[in-house]
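Student: I should like a close look at a single part of this structure, namely the relation between the two copies of the chain. Please set it out in one connected answer.

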Number of protein chains: 2
Amino acid sequence: MTSPSALFRQRLQSNAAAVEATLAALLSGNTEAGEIARPERLLSAVRHGVLNGGKRLRPFLVMEAAALFGDGFAAPALRVGAALECIHCYSLVHDDLPAMDDDNLRRGQPTVHIAYDEATAILAGDSLLTLAFDIVAAPETMLADRIKTALVLALARAAGIGGMAGGQALDLAAEQKAPDAEGIVTLQAMKTGALIRFACEAGAIVADADVEARSLLQRYGETIGLAFQLADDLLDLTSDAATMGKATGKDAARGKGTLVALNGQDWAEERLNALVGEAEALLAPFGERGAILVETARFVANRRS
Amino acid sequence: MTSPSALFRQRLQSNAAAVEATLAALLSGNTEAGEIARPERLLSAVRHGVLNGGKRLRPFLVMEAAALFGDGFAAPALRVGAALECIHCYSLVHDDLPAMDDDNLRRGQPTVHIAYDEATAILAGDSLLTLAFDIVAAPETMLADRIKTALVLALARAAGIGGMAGGQALDLAAEQKAPDAEGIVTLQAMKTGALIRFACEAGAIVADADVEARSLLQRYGETIGLAFQLADDLLDLTSDAATMGKATGKDAARGKGTLVALNGQDWAEERLNALVGEAEALLAPFGERGAILVETARFVANRRS
């Protein structure tokens with residue numbers, strides 16, 4: 001029998017391949033109904049920003065959360081996952097800009113504004129952000145309109161001024177004035193937490209799950225979002241640029257507070273264990289079906305790259 | 001009896017006031033369900049970018065196109081118009097950035113990156129773009145989910161890589177290498193045409209009009225989009241910064257081709273008259289109800305600021 005951990009790794013890999021293929025197909029040179037033309041250089045920059053062989057954790061969460069409710073939701077969950085990945089990648093493209101985090105490397109490759117230019121990177125991000133909503137609403141996403149509307153709304157709120165974009169603004173402000181513990185929690189809940197929470201909730205929305213299940217998935221998403229950020233802060237302290245494929249130690253260098261910096265590494269390790277336990281408890285009602293997402297929580301807490 | 005032209009001006013003004021009030025209400029400090037917090041400085045930048053007393057032509061088109069089909073669509077058309085205005089204003093905020101058109105003034109006020117900073121302007125644009133889809137999908141927009149889905153899809157395609165964002169990429173490329181007449185037509189259809197076409201089509205979608213009516217409105221939108229751009233090119237040649245509240249003569253200074261530059265001012269004036277005639281003919285099936293949109297075509301063609 002395959003161990004849960006091996007099964008998790010298989011699924012992470014096969015889901016990522018499916019997401020990559022879906023995104024590649026969506027970003028061909030062909031126009032869709034209502035489009036006029038896709039300028040070649042901009043399209044190429046968009047592909048650079050999104051077809052980058054990432055782990056595709058957020059789409060994975062959408063797909064596996066939907067799978068909790070049965071096997072019939074794989075196709076629309078993949079499309080919604082691809083849409084969410086467009087949002088995630090747009091945020092990376094914009095965050096890397098000189099006016100923001102000014103990063104030249106992302107997963108070992110030149111960032112979009114380095115490979116192309118700043119204006120193109122801004123427009124590539126804008127295009128990816130817009131494409132996300134296109135994908136959810138498109139007829140190829142086989143979901144009831146009621147479900148599409150719920151997804152558009154939840155995604156917009158997770159990504160917008162009250163979620164991820166607002167979190168990036170708080171992150172930039174934190175360079176000027178280090179936030180207190182409460183401020184860090186809010187910042188991280190918005191900047192990275194909101195999309196991860198949405199990913200898990202989106203699986204329940206795709207599956208048209210009841211309010212209770214939707215709320216469980218939301219809480220599971222919040223829990224692993226916290227673990228993700230703690231692991232990230234630990235990594236930023238302990239790893240080097242070669243392992244990460246991007247600049248590291250930057251948060252500390254800029255004087256940004258993290259909870260790890262405030263409370264120490266031991267506290268962080270303990271907290272990560274507790275969060276994995278919480279995630280496991282939240283998934284208990286799903287029985288055996290929850291095994292992959294329990295494994296996911298462990299992976300998120302223990303990741304070292 | 002009020003003349004059509006006076007009636008048009010009344011409606012343009014009252015619709016703009018309604019749009020302004022709607023946007024102001026949407027951009028309060030209060031969070032909506034699913035949002036975590038709205039960072040004050042970013043919210044203020046977003047408000048600066050969108051609550052600027054513009055003519056609100058695109059929302060006006062949504063509202064008046066919907067009114068062709070009866071009086072019951074005013075409330076949702078206003079919401080959809082406000083969403084569209086968020087897209088328009090996000091594009092202005094991003095286009096004004098130093099890496100793009102590098103403009104310091106917009107409607108006589110400092111642009112967002114001048115009043116705040118570049119990073120905040122990027123995030124304000126991202127937030128406005130995201131908010132547009134939020135507004136369409138939100139429960140306060142009283143439309144069937146089927147109609148919301150159609151609006152999200154059409155808006156995303158009008159605004160994305162195959163529409164407005166792509167058009168801005170072509171516009172930047174045009175500074176390096178002047179496009180031929182065909183290239184100019186594509187660029188303008190994408191950069192300004194797509195949103196104006198969407199505005200008119202959206203009115204028909206909101207009213208759940210039949211395919212034929214939707215197509216008429218699309219064509220009306222394309223026609224006045226062409227007129228809008230020609231009038232803009234004429235203005236850029238002939239007006240001064242004081243009238244426009246922004247830098248002018250920039251297109252010519254950068255060597256960008258316009259159809260006016262290629263074909264001359266007399267040609268442009270004739271073409272504008274012909275486009276108004278075409279718009280009028282497209283509206284004929286709507287009888288008296290079409291009078292406001294006929295007037296709108298005249299206004300768009302003759303505007304001198």
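Tutor: A turn of 180° and a shift of 0.0 Å along the axis lay chain B on chain A with an RMSD of 0.0 Å, the copies being superposed by least squares on the C-alpha atoms of residues with pLDDT of at least 70 in both. The two copies are therefore related as by a two-fold rotation axis. Among the residues of chain B, B:Asp145 comes closest to that rotation axis, with its C-alpha at 2.6 Å. The copies meet through the same surface, because 100% of the interface residues of chain B are also interface residues in chain A.

This is a predicted model, in which local features need pLDDT of at least 70 and side-chain atom pairs count only at pLDDT 80 or more, while totals for chains, interfaces and linings use all residues. Residues are numbered from 1 along each chain as its sequence is written, chains are lettered from A and ligands numbered from 1 in the order in which they are written, and side-chain values use heavy atoms, with hydrogens and water left out.

As to the cysteines, the whole structure holds zero disulfides over all chains, a disulfide being a pair of cysteine sulfur atoms within 2.5 Å. For A:Cys89, the nearest cysteine sulfur is that of A:Cys86, 7.1 Å away. For A:Cys200, the nearest is that of A:Cys89, at 17 Å. A:Cys200 is buried, with a relative accessible area of 0%, where buried means under 20% relative accessible area, exposed over 50%, and partly exposed in between (1.4 Å probe, protein chains only). Of the 305 residues of chain A, 57% count as buried.

Conventions: Contact means heavy atoms within 4.5 Å.
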